[in-house]
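Let's take a walk through this protein together, with the structure open beside the text. Please keep the viewer handy as you read.

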Amino acid sequence: MKTVLTIAGSDCSGGAGIQADLKTITSWGLYGESAITALTAQNTMGVADVLPISPEFLEKQLECVFTDIVPDAVKIGMVTGIAQMQVIRECLLRYEAQHVVIDTVMVSTSGRHLMELDARDYYKKNILPLAEVYTPNLPEAEELLKTSIKTREERVAAVREFALQYKGTVFLKGGHDESCADDLFFDGEELAWYVAPHIVSGNTHGTGCTLSAAIACGLALGMSAKDSVGEAKEYVTGAIADGMDLGKGNGPLNHMYRMDRRQRRF
């Protein structure tokens, strides 16, 4: 049994964060573990409040995981501030964590800041370099690189700049482009486009969380970064296209869409 640890915030509505990650890991047939960085009060219409977990308690969670059921891969999502980042960095280095995937979440879909503004420089210098794969969307890439990314040529320039600033593989997500959902993979040598039509859907809550967790699953299973990204992209596209319609706002994906519905008891 392969294991994946998610370090992220909790979403009480179940569509993003820890809950989305654990559903994803389960759907891939792996064993999921979690270290919670924040409690959030949110639903499909937005984030109402955020309660960060103390760095001391976060450290205890990580120590309990790494000293017992050691993860084969680690996904990092929402991290609120420098103190939490310092704990995460120290623990990952101390326990020599393998296959780290970072979802560079800084702002919620509804526009709420999930990372303290003064923590972003530390994040870029000390957390992103830990990643084997990191998955910025277009607005996050613009923030991290302090540049505008509109055209395909600018996307190529962006991933090459990421390679200069950070080690690891970048998977630049194109879902915020209204015309297409083409993503761009770059591992420092190979450049590859993942072309897909833009799915018109009101159910995309937790897409970034789900994608990064799925990539971590692929790495835990021994896939290459490129194959992990490809499998994760296919999984997320299917979860959106399934069309599960819950909530009054931007609804969640169907993480379990691959299950045979006829086997459900209810």
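**A guided look at the fold**

Let's start with a cysteine: Cys64 is exposed, with a relative accessible area of 55%. Please bear in mind that this is a predicted model. Could you expect Cys64 to be tied up with a partner, and how many disulfides are there in total? The count comes to zero. Cys64 is in no disulfide, as the nearest cysteine sulfur, that of Cys91, lies 11 Å away. A disulfide needs the two sulfur atoms within 2.5 Å. Cys217 makes a useful second case, since its sulfur is 13 Å from the closest cysteine sulfur, in Cys209, which is too far for a bond. Unlike the exposed Cys64, Cys217 is buried, with a relative accessible area of 0%.Now turn to the interior. In soluble globular proteins, nonpolar side chains tend to be buried together. Here the largest nonpolar core holds 41 residues, and the members that touch the most others are Ile7, Leu62, Val74, Ile76, Leu92 and Ile102. Which helix gives the most to this core? Helix α3, residues 82–94, does so, with five residues. A second, separate core has 27 residues, including Val101, Phe185, Ala225 and Leu253.

Leu92 is a good residue to click on in the larger of these groups. Setting aside neighbours within four places in sequence, Leu92 is in contact with Ile7, Phe66, Val74, Ile76, Ala97, Val100 and Leu130. Among those partners, Ile7, Val74 and Ile76 also appear in the list of residues that touch the most other core members.

Next, see how α3 sits against a neighbouring helix. Helix α2 (residues 55–66) and α3 pack at an angle of about 20°, and their axes are 9 Å apart. The two helices are therefore roughly parallel to each other, and their crossing is right-handed. On the α2 side, the residues that meet α3 are Pro55, Leu58, Glu59, Leu62, Glu63 and Phe66. They face Ala83, Gln84, Val87, Ile88, Glu90, Cys91, Leu92 and Arg94 in α3. Leu92 thus turns up again, and its contact with Phe66 is one you have already met.

Another helix pair lies further along the chain. Helix α7 (residues 207–220) and helix α8 (residues 225–241) pack with their axes 8 Å apart, at an angle of about 140°. How are these two helices oriented, parallel or oblique? α7 and α8 are oblique to each other, because an angle counts as roughly antiparallel only when it is over 145 degrees. α7 passes α8 in a right-handed crossing. From α7, the contact is made by Thr207, Thr210, Leu211, Ala214, Ile215, Gly218 and Leu219. From α8, the residues are Ala225, Ser228, Val229, Ala232, Lys233, Tyr235, Val236 and Ile240. Ala225 is also one of the residues in the second core.

Gly230 belongs to helix α8 as well. This glycine is partly exposed, with a relative accessible area of 23%. Its C-alpha atom is separated by 10.0 Å from that of Ala214, which is 16 residues away along the chain.

Two loop residues deserve a moment for their backbone. Glu96 has a phi near 50°, a positive value in a residue other than glycine, and its place is in the loop between α3 and β5 (100–102). At 59% relative accessibility, Glu96 counts as exposed. Lys146 offers a second example, with a positive phi of about 55° although it is not a glycine. You will find Lys146 in the loop between α5 (138–145) and α6 (152–165). Lys146 is exposed too, with a relative accessible area of 58%.

Finally, compare two places that are set well apart along the chain. Thr6 is in strand β1, residues 3–11, while Val156 is in helix α6. How many residues lie between them in sequence terms, and what is the distance in space? They are 150 residues apart in sequence and 29 Å apart in space, C-alpha to C-alpha. Thr6 counts as buried, at 0% relative accessibility. Leaving aside neighbours within four places in sequence, Thr6 is in contact with Ile18, Asp21, Leu22, Glu33, Ser34, Ala35 and Lys75. On the same basis, the contacts of Val156 are Leu184, Leu191 and Trp193.

Key:
Residues numbered from 1 in each chain as written. Predicted model: local features only at pLDDT ≥ 70, side-chain atom pairs only at ≥ 80, totals over all residues. Heavy atoms only, no water. Buried < 20%, exposed > 50% of the residue type's maximum accessible area, 1.4 Å probe, protein only. Core = buried A, V, L, I, M, F, W, Y, C linked by side-chain atoms within 4.5 Å. Helix = DSSP H or I, 4+ residues; strand = E, 2+ residues; numbered from the N terminus. Contact = heavy atoms within 4.5 Å. Axes fitted to C-alpha atoms, helices over the stretch in contact; angles between N-to-C directions. Parallel < 35°, antiparallel > 145°, perpendicular 65-115°, else oblique. Left-handed = near helix turned anticlockwise from the far one by under 90°.
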